[in-house]
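Biologist: Could you take me through one part of this model at close range? I'd like to look at a single strand and then follow its surroundings outward.

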Amino acid sequence: MEEKKQAILAEIPNLRRYARALLRDPDAADDLVQDCLERALSRLDNWQTGESPRRWLFTVMHHLFIDEKRRARRRGRTLVESPAGNEDAAVAPVQLDVLASRDVLDALQGISADRRAALLLVAVEGLSYAQAATVLEIPTGTLMSRIARGREELRVLLDRARRRKSIRVVEK
Amino acid sequence: MNDHRVYTDRDIHLALDGELLEDERAAFARWLEDNPPMKAVSERYAADRELLRDALAPVADEPLPARFAGFSEAGADMRKVPRRAPWWRAAAAAAIFVAGGAAGYFYGMLRAEQSVSSVLRIADDAVAAHVIFAAEKLHVVEVAADQKDHLVGWLSKRLGTRLQAPDLEREGFRLIGGRLLASGDAPAAQFMYENPEGARISLYVTHCAPAAETGFRLYEHEGARTFYWLDEGFGYAVAGSMPEDMLLRIANASYRQLLSGQDPSG
């Protein structure tokens, strides 16, 4: 039991990184990690011997994430209003590679949660396709298309972020 | 042994993610060298991944907040740790942003085989065509809306499908006409609309790979933007220079009408 706890403990930094990337807000992300740890601890028996603690914990966290996302969507419907359409359209874009971490994490939030999770698990958390597909409970083919689309969307969003950035710089 | 395998942009992802078979790596690397556009895509994705990893690395490296430190002293009860707002509140905020920015992700997927560059080309062409012709005073369209039946019939014939010019009156835009354009070596149709303030939006339609399907995507260039989607062999792009939310509403209305227009019973 103590070994299991230690193994879980060792994953906290990775869980926090993944949660932060999923949710953006640091407190919200740590709350998700805490929920995940509580659930994991209360269900240690579900953790099969030999299963990687990381994969198991990511699976637990994924369940929490989608449950709440579903709830949030039901609640959020009426709140959906236009996103800020405040880009200055008149300034010619000058591509500057000046993105801060903040901008990258903001851009990440523009990708649908499904694709964000798939991309993060593989590209940042280093899971194999097989592991990530197990965590997300989807076929590998679906995982691959989510990654492909997620990457492409991220590219476009990063370009937009750079353009905004360049507009900001130009306006100064 | 695998020299005859055909590589696609799908393999770019496999290679980046360490999923390419060992004995395919050399052939894939040669393929990349012979395909500069694909090599550029691959390098760009790799660079974006580095940005992501760099942006997130500090989170894993920082000291654990007190609530987790307490957990390490085995037996500490985490339930006692006070919280602020539930984390899903931030998730809801994020969902709102996503829903607003991409209300059209209802359908479909970009098939992994579909080349990234050809999809973007459609969006890019649509934006360029919009910027060029929306700025015209005298010759904004080739055939004006007073000959709408002729216009739609002509463009349908040239594109080889039954086109329709969506009715955007409810969005405040009136059809002023359209024109035939070239998209690569294929024909493309452009319908131009205008609102009472003189703002213009255009719907651009051209051929794309038959298998390609996407939800709404946003592409922006030089102050103009387009929401575009691929469906059953055609790429559609609604382009304009207005704010994203306004353009999205128009794109949604166009999408719905074009979709119902494609109904075989319709």
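What follows is a walk from one strand of chain B to its sheet, and then on to chain A.

Modeller: Happy to! Please keep in mind that this is a predicted model. Let's start with strand S7 of chain B, residues 234–240. Seven of its seven residues are buried, so S7(B) is largely enclosed by the rest of the structure. If you look along the strand, B:Phe234, B:Tyr236, B:Val238 and B:Gly240 point one way. B:Gly235, B:Ala237 and B:Ala239 point the other way, and the residues on both sides are buried.

Now for the partners of this strand. Strands of a sheet pair through backbone hydrogen bonds, either parallel or antiparallel. Strand S4 (residues 200–207) of chain B runs antiparallel to S7(B), and seven bridges join the two. Strand S6 (residues 224–231) of chain B is also paired with S7(B) in the antiparallel sense, again over seven bridges. B:Ala237 is a handy landmark here: B:Tyr204 stands opposite B:Ala237, and so does B:Tyr228.

S6(B) and S7(B) form a hairpin with two residues between the strands. In that hairpin, B:Glu232 takes a positive phi near 50 degrees. Most residues other than glycine have a negative phi.

One residue of S6(B) to click on is B:Leu230. B:Leu230 has a relative accessible area of 1%, so it counts as buried. From the C-alpha of B:Leu230 to that of B:Arg217 is 9.5 Å, while the two residues are 13 apart in sequence.

Stepping back, S7(B) belongs to an open sheet of seven strands in chain B, with antiparallel pairing and the order S1-S2-S3-S4-S7-S6-S5. Strand S1 (143–144) and strand S5 (217–221) stand at the edges with a single partner strand each, so one side of each has no neighbour in the sheet. At the S1 edge, S1(B) pairs with strand S2 (residues 174–183) over two bridges, in the antiparallel sense. There, B:Val143 has B:Gly178 in S2(B) as its bridge partner.

A helix accompanies this sheet. Helix H7 (residues 148–159) of chain B lies across S1, S2, S3, S4 and S7, and it runs at about 20 degrees to S2(B). For the chain as a whole, the secondary structure of chain B comes to eight helices and seven strands. Of its 266 residues, 48% count as buried. Chain B exposes about 13100 Å², with carbon and sulfur atoms supplying 54% of that area. Among contacts in chain B between residues at least 6 apart in sequence, 58% join residues at least 24 apart.

From here we can cross to chain A. Two packed helices are described by the angle between their axes and the distance between the axes. Helix H5 (residues 113–124) of chain A packs with helix H3 (residues 36–61) of chain B at an angle of about 85 degrees, and their axes are 11 Å apart. That makes H5(A) roughly perpendicular to H3(B). On the H5(A) side you will find A:Leu119, A:Leu120, A:Ala123 and A:Val124, which meet B:Arg49, B:Leu52, B:Arg53 and B:Leu56 in H3(B). The residues of this contact divide into six nonpolar, no polar and two charged.

Just past H5(A) comes A:Glu125, in the loop between H5 and helix H6 (129–136) of chain A. A:Glu125 is buried, with a relative accessible area of 3%. Setting aside its neighbours within four places in sequence, A:Glu125 is in contact with A:Asn14, A:Arg17, A:Tyr18, A:Arg54, A:Phe58 and A:Leu120. A:Leu120 is also one of the H5(A) residues that meet H3(B).

Our last stop is helix H6 of chain A, where A:Ala133 lies. A:Ala133 counts as buried at 6% relative accessibility. Not counting residues up to four places away in sequence, A:Ala133 touches A:Ile138, A:Pro139, A:Thr140 and A:Leu143. A:Leu143 is 10 residues from A:Ala133 in sequence and 6.0 Å away in space, C-alpha to C-alpha. In the loop between H6 and helix H7 (140–171) of chain A you meet A:Glu137. Phi of A:Glu137 is positive, near 55 degrees, and this residue is exposed, with a relative accessible area of 53%.

Definitions and conventions
Residues are numbered from 1 along each chain as its sequence is written. Chains are lettered from A and ligands numbered from 1 in the order in which they are written. This is a predicted model: local features need pLDDT of at least 70, side-chain atom pairs count only at pLDDT 80 or more; totals for chains, interfaces and linings use all residues. Side-chain values use heavy atoms; hydrogens and water are left out. Axes are lines fitted to C-alpha atoms, for helices over the stretch in contact, and angles run from 0 to 180 degrees between N-to-C directions. Helices (H or I, at least four residues) and strands (E, at least two) are DSSP runs, numbered from the N terminus. Angles under 35 degrees count as roughly parallel, over 145 as roughly antiparallel, 65 to 115 as roughly perpendicular and the rest as oblique. Contact means heavy atoms within 4.5 Å. Ala, Val, Leu, Ile, Met, Phe, Trp, Tyr, Cys and Pro count as nonpolar, Asp, Glu, Lys and Arg as charged, and the others, Gly among them, as polar. Buried means under 20% relative accessible area, exposed over 50%, partly exposed in between (1.4 Å probe, protein chains only). Two strands pair if DSSP finds at least two bridges between them. Accessible areas come from the Shrake-Rupley method with a 1.4 Å probe; for residues, only the protein chains shown count as cover.
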